[in-house]
Amino acid sequence: MAKHKIYAVVSGRAPGLYDEWFGAEGAEAQVKGLPNAIYKSFQSRAEAEAWYRERAGRAPTNIRIRRAEEPGEDYFGLHREALAAGKVVVYTDGGAMVNPGVGGYGAVLLHHDKRKELSGGFARTTNNRMELMACIAALQLLKKPATIVLFSDSSYVVNGIAKGWAQRWRANGWQRVEGGKPEPVKNADLWALLLEECERHTVQFVQVKGHAGATENERCHELASAAMGRANLPADAGFAG
């Protein structure tokens, strides 16, 4: 079966990405009758987003894609609906060159037509700490309580919050049972900070596939990787390894 086309409109009435050509909310309505309109169709969302970023110099924030390219993975449908509802959309990523080693994190925050990117790094840390730190830094940036949809490719982070693991660890004095014996929870300092932010805001965590063509997830990876290359990175005070 042929893939459904994705239309990228860089210059038009409402620039963005569309999965329909016809109709009032389709790509045609954004460019018809405009002699200087800039648009192009693609076979995949990833290609459309890459071309949009190249031509516009930024990632698209107006994403009107209702169809998932893979069953059950309509991240951009949820992304679009969250923005339309006035929610803050956050993407995060983090990692380390070796684990443990030099690490970095990146985040993208979207709200209506506003966009904010942030990143940071440490001289020695771990993948999981950077995944957590990306979420914490993004949520801390929001000065007022907000309703947020946060996309992360880390099952460690998403499951830790969505399945209530972190809340139980905190209730148990940051101890967990492993092999029948209690042991300290790793990264308890960051889990505590993340729980504080989740209680200040209303946050829905959504896991996405890493490096699977989601533009903002890829952008977070770029930000995290760039942060690792900075000179004189600080020590990660909470990392004891």
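Start by selecting helix 4 (127–141), which supplies the largest share of the lining of the largest pocket, 3 residues. Before going further, note that this is a predicted model, in which local features need pLDDT of at least 70, side-chain atom pairs count only at pLDDT 80 or more, and totals for chains, interfaces and linings use all residues. Residues are numbered from 1 along each chain as its sequence is written, and side-chain values use heavy atoms, with hydrogens and water left out.

**The pocket**

Helices (H or I, at least four residues) and strands (E, at least two) are DSSP runs numbered from the N terminus. A pocket here is an open set of points on a 1 Å grid over the protein atoms alone, where a 1.4 Å probe fits, with protein on both sides within 12 Å along at least five of seven lines; lining residues have an atom within 4 Å of a point. The largest pocket has a volume of about 340 Å³, the space filled by probe spheres set on the points, which are joined across faces, edges and corners. Show its 19 lining residues, then pick out Asn128, Tyr156, Val185, Lys186 and Asn187, which lie nearest the centre. Helix 4, helix 6 and strand 10 are the elements that give two or more residues to this lining.

**The hairpin**

Now select strand 9 (residues 175–178) and strand 10 (residues 181–184), an antiparallel pair with 4 bridges; pairing requires at least two bridges found by DSSP. Arginine 176 stands opposite glutamate 183. The two strands form a hairpin with 2 residues between them, and glycine 179 in the turn has a positive phi of about 65°.

**Helix 7 and the aromatic cluster**

Move on to helix 7 (residues 188–200), where the end C-alpha atoms are 18 Å apart, in agreement with the expected 18 Å for 13 residues (1.5 Å times one less than the number of residues). Its buried residues (under 20% relative accessible area, 1.4 Å probe, protein chains only) are Ala188, Leu190, Trp191, Leu194, Leu195, Glu197 and Cys198. Trp191 also joins Tyr156, Trp165 and Trp169 in one aromatic cluster; rings of Phe, Tyr and Trp (its six-membered ring) pair if their centres lie within 6.5 Å, with planes under 30 degrees apart stacked, over 60 edge-to-face and the rest tilted.

**Last stop**

Finally, select alanine 235 in the segment after helix 8 (215–228). Alanine 235 is exposed (over 50%), with a relative accessible area of 63%. Its C-alpha is 29 Å from that of proline 182, 53 residues away in sequence.

Notes
Contact = heavy atoms within 4.5 Å.
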